[in-house]
Amino acid sequence: MKVLITGGLGWLGKALSEQVSTRHRVCAFDLERPDVERERSEFEGDVRYGSVTEYSDVEAAVEGQDAVIHAAVASTVTRGQYVDVTDTVPFDVNLRGTCNVLEAMRRRGVARFIQIASAETHVAHPSGTFLDDGATYFGRPSYYDLTKCLQEQICQWFAHHYELDITLLRLGDIVDTAQGRAKHGEHSWNASMATDSWIDRYDVGRACLQLLEQSKTGVEIYHLVGAPAARERFDIDRTTAALQLSLATKIDKRPASQRA
């Protein structure tokens, strides 16, 4: 199978590209950013540069693919985004970008799509609240959470009108458990450990690999959080059973700076 991964060179995209390429032909689609240091990615496949905000770039990347994993997102590291509604970048990337990818898929006859969505690990729900695949994502009153909510609505709309097969994979805080690292640094790592909200980025890659090899129709929603305590709030057991996953759960919670 030929799989396009948007944001395929980023923090999560690295793990997705490496895992998926073990069984499928991967094309990592990402911005060409010589000013931003990237991790070296070890995967067999292609790299294509462009922006999800440019429809022509997206359509050219989608051409000839069998599936798309949409992990591209407006950066939360290089800029102080999601603060001011006058900053159009998060809306252009997260919303217009998602529309561009789905429209290009529709036109090119590509039906299988995995959206990297968000689990509400950062939201204080009442005691005893359990979120399953029927729970609507609202998040917090932040522009990031608004765009993630609207992304899901965009996916539902395209699936309804054009019979695309879409999976919304709702993730916790994405970390690298082997390295003791998080995308936003040590403070972010410590917070994810303290709140039991983490998911290992390579477990996300394995989940996507399993999803690509399943036959399905319509829209499916899965929560994916590695912290064992998350099972009390999210339907993680359903996810691991459906995708035949074994998650990293017993980990060294010390950040990289405290490891030998």
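Start by selecting Val20, which sits in helix H1 (helices are DSSP runs of type H or I with at least four residues, strands E runs with at least two, both numbered from the N terminus). You're in a predicted model, where local features need pLDDT of at least 70, side-chain atom pairs count only at pLDDT 80 or more, and totals for chains, interfaces and linings use all residues. Residues are numbered from 1 along each chain as its sequence is written, and side-chain values use heavy atoms, leaving out hydrogens and water.

Val20 has a relative accessible area of 0%, so it's buried (under 20% relative accessible area, with a 1.4 Å probe and protein chains only). Show what touches Val20: leaving aside residues up to four places away in sequence, you get Val3, Ile5, Val26, Ile69, Gly205, Cys208, Leu209 and Leu212 (contact means heavy atoms within 4.5 Å).

Next, select H1 (residues 11-20) and H6 (residues 201-212), whose axes come within 8 Å and cross at roughly 50° (axes are lines fitted to C-alpha atoms over the stretch in contact, with angles from 0 to 180 degrees between N-to-C directions). On the H1 side, pick out contact residues including Trp11, Leu12 and Val20; on H6, try Tyr202, Val204 and Leu209, among others.

Now jump to helix H4 (residues 143-162), with 20 residues. Colour its buried residues, among them Cys149, Ile154, Cys155 and Phe158. Their cover includes helix H3 (89-108) and strands E4 (67-70), E5 (112-118), E6 (165-171) and E10 (219-224). Last stop: Glu163, just after H4, has a positive phi of about 55°.

Technical notes
The expected span of a helix is 1.5 Å times one less than its number of residues. Buried means under 20% relative accessible area, exposed over 50%, partly exposed in between (1.4 Å probe, protein chains only).
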